[in-house]
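Biologist: I'm new to this one, so I'd like to ask how you arrive at the words you use for it. Could you show it to me before we start?

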Amino acid sequence: MLMCSFRERRGVVKIKLVAVHAVLITGIGLLVGCGGGGEGPIVPPPPTPAEYAEKHMPSDWWGNAEKVEQGRKIYMGEANPDVNCSSCHGKDGKPVKAGATDFRNGERMKLYSDSAWFWRISEGVPDTRMKGWKSKLSEEDIWKLVLFERTFALSEKVWNEEKKQWVDAGTIAVASTETR
C-alpha cells in the first residue's frame, strides 16, 4: 500500500512538472512571436565588407533637416510605395514584427558605423527577413534613411571615421571650426 501511494505521488509530480514546462515553453514562444523577447544580446555587427567600408554619410548632411525629412518619407513608405521600413521597424523605431531591429536601442545602434548601416540597408541581413533595398533605392536615398533612422537613438550624434565611433554633433562642428 505504501509503495502504491509513492508511485501515485511520483506520477502527480511528473504531471505537474510537464504542466510547468508546457506553460514556460508557451510563454517564451509568445514573447518571441510578439516581439517581446527582444533582439538577443547586444553584439557588434560583422565587419563591413570592403565595398561598403569606405562609404560615409556626406558630411554636410548630418545637420540637414530637409534630408532627414526626405529620409522619414522613405522610411514611412510615403516616397516610394515599394519601400516601407516602418512596416517592420515601427513608425517610432519600435519593431512591430518579430526579429526587426529596435532603432531606439542606442547601445545596439552605436555599434553600427554609418557605412555598416548603409551596407545592411543595401544588402539586407542574411538569415532574417531584412532584405536588401539597393534595387529599390538610390545611394542618396539609402543615406537619407540612415540619417533618419539614427534619429531614434542617436539623434544628436554623427559618425566620426577617425575615432570609429558616434560622437556629439557639436563636437564635430567645434573641431572643424578650430582646424580652419
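Modeller: Here it is, and keep in mind that this is a predicted model. Let's start with D127, which has a relative accessibility of 85%, so it counts as exposed.

Biologist: What makes 85% enough to call D127 exposed?

Modeller: Exposed means over 50% relative accessible area. D127 comes out at 85%, so the word fits. You'll find D127 in the loop between helix 6 and helix 7. D127 also has a positive phi of about 60°, although it is not a glycine.

Biologist: How do you know whether K164 is buried or exposed?

Modeller: Same kind of check. The cut-off for exposed is over 50%, and K164 has a relative accessible area of 53%, so K164 is exposed. K164 sits in the loop between strand 1 and strand 2, and its phi is positive too, about 55°, though K164 is not a glycine.

Biologist: Why is H89 called buried?

Modeller: Buried means under 20% relative accessible area. H89 has 11%, so it counts as buried. H89 belongs to helix 4, residues 86–89.

Biologist: What makes the pair of H89 and T101 a polar contact?

Modeller: A polar atom of the H89 side chain lies 3.0 Å from the backbone oxygen of T101. The limit is 3.5 Å, so 3.0 Å is within it. H89 touches other residues as well, including Y75, F103 and M130.

Biologist: Where does H89 stand in relation to the largest pocket?

Modeller: H89 is one of the lining residues closest to the pocket's centre, along with G99, T101, V125 and M130. The pocket holds about 800 Å³ of space. Its lining has 18 nonpolar, 7 polar and 7 charged residues.

Biologist: What makes you say that helix 7 is mostly covered?

Modeller: Of its 11 residues, 8 are buried, among them I142, W143, L145 and F148. Those buried residues pack against helix 3 and helix 6.

Biologist: And what goes into the largest nonpolar core?

Modeller: It has 32 residues, and M57, W62, Y75, W117, I121, L137 and L145 have the most contacts inside it. Helix 7 gives the most to this core, with 6 residues.

Biologist: How do you know which residues L137 touches?

Modeller: Contact means heavy atoms within 4.5 Å. Leaving out residues up to four places away in sequence, L137 touches I74, N80, V83, I142 and L145.

Notes: Residues numbered from 1 in each chain as written. Predicted model: local features only at pLDDT ≥ 70, side-chain atom pairs only at ≥ 80, totals over all residues. Heavy atoms only, no water. Core = buried A, V, L, I, M, F, W, Y, C linked by side-chain atoms within 4.5 Å. Buried < 20%, exposed > 50% of the residue type's maximum accessible area, 1.4 Å probe, protein only. Helix = DSSP H or I, 4+ residues; strand = E, 2+ residues; numbered from the N terminus. Polar contact = N/O pair within 3.5 Å; in protein donor to acceptor, adjacent residues only side chain to side chain. 1 Å grid on protein atoms, 1.4 Å probe; cavity = no way out; pocket = protein on both sides within 12 Å on 5 of 7 lines; lining within 4 Å. Points joined across faces, edges and corners; volume = space filled by probe spheres on them. Nonpolar A, V, L, I, M, F, W, Y, C, P; charged D, E, K, R; others polar.
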